[in-house]
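User: I should like to examine how the labels applied to this model are justified. Please set each value against its definition.

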Protein chains: 2
Amino acid sequence: MRSIWFDTTDNSVKVIDQRKLPHITAIEKLESVPQVITAIKDMYVRGAPLIGVTGAYGVYIAAKNIPDCKSIKFYLTAECQKLKDARPTAVNLIWAVERVFEKLNFSADIKDIINIAKKEADAIAEEEVENCRKIGEYGLPLIEEISKKKNGKTVNILTHCNAGRLACVEYGTATAPIYAAFDKEIDLHVWVDETRPLNQGARLTAYELEEKGVKHTVITDNTGGHLMQHSLVDITIVGTDRTAYTGDVANKIGTYLKALAAKDNNIPFYVALPSSTFDWEIEDGIKDIPIEKRDPDEIRYVEGFCSGKIEKVAIMPEQSAAANYAFDVTPARLITGFITERGICKANKDAILSLFPDKR
Amino acid sequence: MRSIWFDTTDNSVKVIDQRKLPHITAIEKLESVPQVITAIKDMYVRGAPLIGVTGAYGVYIAAKNIPDCKSIKFYLTAECQKLKDARPTAVNLIWAVERVFEKLNFSADIKDIINIAKKEADAIAEEEVENCRKIGEYGLPLIEEISKKKNGKTVNILTHCNAGRLACVEYGTATAPIYAAFDKEIDLHVWVDETRPLNQGARLTAYELEEKGVKHTVITDNTGGHLMQHSLVDITIVGTDRTAYTGDVANKIGTYLKALAAKDNNIPFYVALPSSTFDWEIEDGIKDIPIEKRDPDEIRYVEGFCSGKIEKVAIMPEQSAAANYAFDVTPARLITGFITERGICKANKDAILSLFPDKR
């Protein structure tokens with residue numbers, strides 16, 4: 001099962017409500033732009049590539065719902081703006097919505113507009129699958145080399161949040177090299193940061209790895225530094241929500257702390273990404289990538305499974321304030337390299353642009 | 001209310017079961033060594049100074065329960081060993097138990113042994129209160145200076161875990177300078193790391209600060225680095241469970257990550273401690289301080305308040321493994337200084353020993 005798909009039995013776009021995983025697998029049908037926005041904002045779907053693909057299908061859904069109106073272009077422009085505004089940090093959302101929008105010919109028949117939107121959204125989904133597959137291919141030798149150096153002893157990989165198939169459409173970004181290495185029967189083990197507040201690591205990455213049979217251990221977000229100090233991590237691989245073309249990476253809050261620890265212990269720190277995650281305009285990630293602040297209730301309460309249902313427990317005094325920054329920015333200087341669908345490169349402008357010369 | 005006290009109404013040692021705070025205030029009577037061990041092991045009481053004081057009262061409780069036996073010394077030695085083994089990382093436990101034990105005259109009357117044990121435990125408790133008060137006095141100028149530099153604008157302090165009055169007997173260690181500054185009406189605000197897995201920050205530090213009226217905001221453990229990058233933290237103050245005389249600090253898991261971020265952003269990183277937390281024998285903290293591994297269920301489940309009672313929710317797949325390292329070691333090179341009951345010093349052997357020449 002993909003994380004998003006077009007269901008031909010009822011001609012609708014479907015996603016998994018990932019808020020409920022791993023406890024409950026609930027499938028949601030997306031039929032209107034408000035539904036798509038809710039799915040993105042409330043994180044039924046999350047992860048930069050999947051947010052992008054969902055946004056792309058959002059344009060198709062917007063087109064399907066075009067009312068009688070004077071200007072289709074005006075209407076769809078407004079709907080697309082709403083889609084692009086659903087979450088601020090992942091650049092894939094803007095990129096994917098604009099890519100579909102730009103394909104549309106507004107003087108065409110509404111049916112044609114709908115078809116073109118769907119075709120383009122499908123194309124983006126397939127491309128992201130292929131990009132992730134290639135990230136796996138290019139990342140695999142990194143793990144193979146460590147395995148060789150360790151004479152086949154377990155390779156320990158640390159990852160933060162979920163940059164797995166559930167964050168994408170298939171394979172994942174950070175997990176793609178892991179799955180590729182697993183398929184080649186390399187002995188490996190993944191340290192899974194639980195990733196508060198929403199525990200995407202504990203809930204989703206662990207679920208994915210378990211499903212596939214990859215050895216893994218869930219740890220608190222506090223633990224990675226200690227493991228690195230004691231040579232229990234060989235490589236760190238994470239995803240990214242937006243990557244400045246200079247190499248700064250906005251990813252799930254806490255990524256920066258792991259990058260610091262990796263640097264302090266000489267452990268390679270890689271970021272895996274499809275090129276849709278690059279922001280070709282932002283130079284200074286720390287200064288200029290917008291960081292989403294989410295509902296403090298995500299800090300106040302922890303959701304989990306209890307007596308057969310999902311419950312929410314309060315973990316702090318009611319009167320205390322809480323703040324919920326969803327991402328942080330890891331400066332390029334802490335990153336060993338990027339694993340992209342075009343190969344591996346260093347985290348600097350020249351290296352990135354030599355892999356993507358079309359963006360110069 | 002102190003965190004531990006001798007109740008003269010029924011001649012018993014009492015503690016708060018801190019596992020239930022801030023939701024429920026439950027008082028526990030400690031009447032036997034197994035009860036004391038459970039209170040320490042299961043973390044009814046926690047925090048190095050409080051663990052020490054509880055251990056000290058544990059010797060008194062052991063003495064009170066001396067059965068008819070050939071050798072009181074043999075019996076109490078064994079009981080003290082059990083107490084010292086209750087938790088491995090906080091050195092205060094060993095220190096306090098041994099200090100009381102060494103006061104005892106085994107040829108004396110049992111009643112006298114009991115009295116001496118109680119007197120020494122009382123003395124340790126009072127000394128730790130006074131130590132914390134002095135830590136506040138010595139730490140205060142650090143906050144005052146920042147306040148002056150900022151022309152009275154809010155001083156933002158980040159702390160990890162709970163090194164507050166609940167970790168001690170009164171005042172706290174990391175919180176003592178904060179309370180002292182608050183009492184002097186310095187405008188300040190505390191960023192409280194929630195501190196997974198047991199959320200001592202969200203549950204206890206927030207509760208203490210709220211009780212006192214100190215402005216504070218609970219954040220996930222992932223957040224501190226981002227705040228530091230954006231100049232939202234002026235100083236970090238934490239406690240310690242065991243401090244090598246060379247300056248390495250074992251404190252709640254995740255402390256090391258915050259120290260790295262403070263260093264990377266030129267933010268002062270202080271550790272506040274009574275001298276009972278020094279280990280005068282350990283030179284290399286990372287290599288030699290024993291790090292407790294606790295029950296993985298503390299990772300698998302999160303406890304919180306729901307519909308009027310404390311509930312436990314599962315946050316990860318049942319089949320996945322989890323690992324629970326309780327502490328990490330922050331190397332001395334990342335620490336700006338120590339705030340002790342004898343004043344402030346740098347985090348190195350010479351500076352520490354010049355403050356504690358009796359330990360040379």
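User: Which residue in S15(A) does Val249(A) stand opposite?

Analyst: Val249(A) stands opposite Thr330(A) in S15(A). The model is predicted, with pLDDT of at least 70 required for local features and 80 or more for side-chain atom pairs, while totals for chains, interfaces and linings use all residues. Residues count from 1 along each chain as written, chains are lettered from A and ligands numbered from 1 in written order, and side-chain values rest on heavy atoms without hydrogens or water.

User: How do you know that strand S9 of chain A and S15(A) are joined?

Analyst: Strands (DSSP runs of E, at least two residues) pair if at least two bridges link them. Strand S9 (residues 249–252) of chain A and S15(A) run antiparallel and are joined by four bridges, so the criterion of at least two is met.

User: What makes both faces of strand S15 of chain A covered?

Analyst: Phe327(A) and Val329(A) lie on one side, Asp328(A) and Thr330(A) on the other, and all are buried, that is, under 20% relative accessible area (exposed is over 50%, partly exposed in between; 1.4 Å probe, protein chains only). In a regular strand, side chains alternate between the two faces of the sheet.

User: Why is one side of strand S1 and of strand S3 of chain B left without a neighbour in the sheet?

Analyst: The open sheet of chain B has the order S1-S2-S3, with antiparallel pairing. Strands S1 (4–7) and S3 (27–30) of chain B stand at its edges with a single partner strand each, so one side of each has no neighbour in the sheet. Strand S2 (residues 12–16) of chain B pairs with S3(B) over four bridges, and Val13(B) has Leu30(B) as its bridge partner.

User: What makes the meeting of Asp10(B) and Lys29(B) a salt bridge?

Analyst: The term requires a side-chain nitrogen of Lys or Arg within 4 Å of a carboxyl oxygen of Asp or Glu. For Asp10(B) and Lys29(B) the N to O value is 3.2 Å, so the pair qualifies. This pair links distant parts of the chain, Asp10(B) in the loop between S1 and S2 of chain B and Lys29(B) in strand S3 of chain B, 19 residues apart.

User: Why does Lys287(B) count as exposed or buried?

Analyst: Lys287(B) has 65% relative accessibility and therefore counts as exposed. Its salt-bridge partner, Asp288(B), is partly exposed because its relative accessible area is 37%. The N to O value for Lys287(B) and Asp288(B) is 4.0 Å.
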